[in-house]
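Me: I should like to learn how to read a structure in which protein and DNA appear together. Could we work through one, feature by feature?

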There are 2 protein chains.
Amino acid sequence: MSKRDEITAQTRQNIIDAFWTLYCEKRIEKIPVRDITDKAGYNRGTFYEYFVDVYDVLEYIENSLIPTLEELPPVSTPTGTLGMPLDMFLELYQKNSRFYSQLLGDNGDPAFASKLKNSIKPTIRKLFEDNPTVDIKELEYILEYTLSAMIGIMSFWFKQSDALTNEKLFELIHRLMESGVIKQLPFKE
Amino acid sequence: MSKRDEITAQTRQNIIDAFWTLYCEKRIEKIPVRDITDKAGYNRGTFYEYFVDVYDVLEYIENSLIPTLEELPPVSTPTGTLGMPLDMFLELYQKNSRFYSQLLGDNGDPAFASKLKNSIKPTIRKLFEDNPTVDIKELEYILEYTLSAMIGIMSFWFKQSDALTNEKLFELIHRLMESGVIKQLPFKE
DNA sequence: AATAATCCAACATCATGTTGTACAATATGA
DNA sequence: TCATATTGTACAACATGATGTTGGATTATT
């Protein structure tokens, strides 16, 4: 890598880092380019050499956090007792939790949840694609239901100050997926 | 209602309507006050007589869409076979689907999903609050899991061009909640 | 007629995105 | 190897557009 490329990469990263710090503090629409470059130590104009606008920075970050098909583990037989490769999702979330919890949180980007779900869906679909007993249309609803639930519970988990342990959380999720929500809650008969 | 009040209410509503039309077309941060008032037929300055800024309009709309405790049906025994008052949620979503699908969608407000979930949680919590066999901490995770899943599947449903019928969707949700995701999908043994 | 509200025009301020330029790093040709 | 041409990085300055505020004109209410 030439010195030029190093400088370029470093500057880009400095801008990204400064943006992320601010993004964790406030909504993206309240972040002026000026604040980013001030924090990163550059002229405002320099920002535009690297990004189109503030949203472009976010997109750059998001794309680096969406797993590619190659990164996702290849699907063979259902993993463990779960049947759906959701351990994969748990791992993915934990690896990037710092970013995911922000992007999927109240000040995050609603489109990121969709991107994430859509990046995972093909892998799960493959499990069922040549199984004639599966209703394809229904499967799509189940995918959406499940991934939404997973994202919801993981984000919630991450926000808790006295969170469940990994093991307890995983065990709970397994239970919920295997026998449903209702069975986990006793009702007066 | 005096004529004054009528005019005030009408103007406020006109601004809200104009905002909503634009909000359905693009992200909120790309909506200048000018565009709103142009569409509504007022001077830009008039906007500031009614709202603090563009986000204030959104907040106003959101608050009118969050059910109050009184609006939510009183909890007695679990409704139907579901055990959780989720029919309530389905009804709520359908009544406001035009707004919900936008606010909960990719160009929506991530904070709205939280507001909505938090408005419903107390009602469900009450069902279990004096049941000593329920793990309170775990219940919170189950609530988050379930409500996230419900919001996810309803939003997905609404986006579909050839969507399932109401009945099929409800039946699917019931199945998923009663016996879990896994049981709904056959695996090669 | 006096008061209070609705609405608007004009202003100062701030953020945006672009352009021209200084300076540093690299490539080229004797 | 050394001088020169070329490219890339960063910046200051500019034009444009959006923001939020203020003072005044107009219309409804008392």
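Me: How do the residues of the lining of the largest cavity divide into nonpolar, polar and charged?

Reply: One sorts each lining residue into a class and then reads the tally. The model here is a predicted one. In the lining of the largest cavity there are nine nonpolar, four polar and eight charged residues.

Me: What volume does the largest cavity have, and which residues are closest to its centre?

Reply: A cavity is described by its volume and by the residues around it. The volume of the largest cavity is about 210 Å³. Its lining is made of 21 residues, and those closest to the centre are A:Arg27, A:Glu29, B:Glu29, B:Gly108 and B:Pro110.

Me: How many cavities of 30 Å³ or more does a search of the whole structure find?

Reply: Such a search finds two. The second largest cavity holds about 30 Å³ of space. Its lining consists of A:Ser101, A:Gly105, A:Ser155 and A:Lys159. By class, that lining has three polar residues, one charged residue and no nonpolar residue.

Me: How should I read a pocket, and what is the volume of the largest pocket?

Reply: A pocket can be read in the manner of a cavity: volume, then lining, then elements. The largest pocket has a volume of about 710 Å³. It is lined by 39 residues, of which A:Pro110, A:Ala113, A:Lys117, B:Leu104 and B:Ala113 are the closest to its centre.

Me: Which elements give two or more residues to the lining of the largest pocket?

Reply: From chain A they are helix 7 (110–128) and helix 8 (136–159), and from chain B they are helix 6 (97–103), helix 7 (110–128) and helix 8 (136–159). The residues of this lining divide into twelve nonpolar, 16 polar and eleven charged.

Me: Let us turn to the DNA. How many residues surround DNA strand C, and which are the closest?

Reply: The starting point is a list of the residues around the strand. DNA strand C is surrounded by 16 residues, and the closest are A:Arg44, B:Thr8, B:Thr11, B:Asn43 and B:Tyr50. By class, this surface has six nonpolar, five polar and five charged residues.

Me: Which parts of DNA strand C lie within 4 Å of the protein?

Reply: One asks how the nearby atoms are shared between the backbone of the strand and its bases. For DNA strand C, 60% of the atoms within 4 Å of the protein belong to sugar or phosphate, and the rest belong to bases.

Me: What polar atoms of B:Thr8, B:Asn43 and B:Tyr50 approach the phosphate oxygens of DNA strand C?

Reply: One notes whether the protein atom comes from a side chain or from the backbone. For B:Thr8, an N or O atom of the side chain is 2.4 Å from a phosphate oxygen of DNA strand C. For B:Asn43, a polar backbone atom is 2.5 Å from a phosphate oxygen of the strand. For B:Tyr50, a polar side-chain atom lies 2.6 Å from a phosphate oxygen of the strand. The elements that give two or more residues to this surface are helix 1 (3–25) and helix 3 (44–50) of chain A, together with helix 1 (3–25) and helix 3 (44–50) of chain B. Helix 1 of chain B gives the most, with four residues.

Me: How many residues surround DNA strand D, and which element gives the most to the surface near it?

Reply: The reading follows the steps already taken. DNA strand D is surrounded by 16 residues, with A:Thr8, A:Asn43, A:Tyr50, B:Lys3 and B:Arg44 the closest. Helix 1 of chain A gives the most to this surface, with four residues. Of the atoms of DNA strand D within 4 Å of the protein, 63% belong to sugar or phosphate and the rest to bases.

Me: Where on DNA strand D do the polar side-chain atoms of A:Tyr50 and B:Arg44 lie, at phosphate or at base?

Reply: A polar side-chain atom of A:Tyr50 lies 2.6 Å from a phosphate oxygen of DNA strand D, whereas one of B:Arg44 lies 2.4 Å from a base oxygen of that strand.

Me: What turn and shift lay chain A on chain B?

Reply: Two copies are compared by superposing them. A turn of 180° with a shift of 0.0 Å along the axis lays chain A on chain B with an RMSD of 0.1 Å. This is the relation of a two-fold axis. Within chain A, the C-alpha of A:Gly180 is nearest the axis, 1.7 Å from it. The same surface serves both copies, as 100% of the contact residues of chain A recur in chain B.

How values were computed: Residues numbered from 1 in each chain as written. Chains lettered and ligands numbered in written order. Predicted model: local features only at pLDDT ≥ 70, side-chain atom pairs only at ≥ 80, totals over all residues. Heavy atoms only, no water. Near = heavy atom within 4 Å. Polar contact = N/O pair within 3.5 Å; in protein donor to acceptor, adjacent residues only side chain to side chain. Nonpolar A, V, L, I, M, F, W, Y, C, P; charged D, E, K, R; others polar. Least-squares fit on C-alpha atoms with pLDDT ≥ 70 in both. Contact = heavy atoms within 4.5 Å. 1 Å grid on protein atoms, 1.4 Å probe; cavity = no way out; pocket = protein on both sides within 12 Å on 5 of 7 lines; lining within 4 Å. Points joined across faces, edges and corners; volume = space filled by probe spheres on them.
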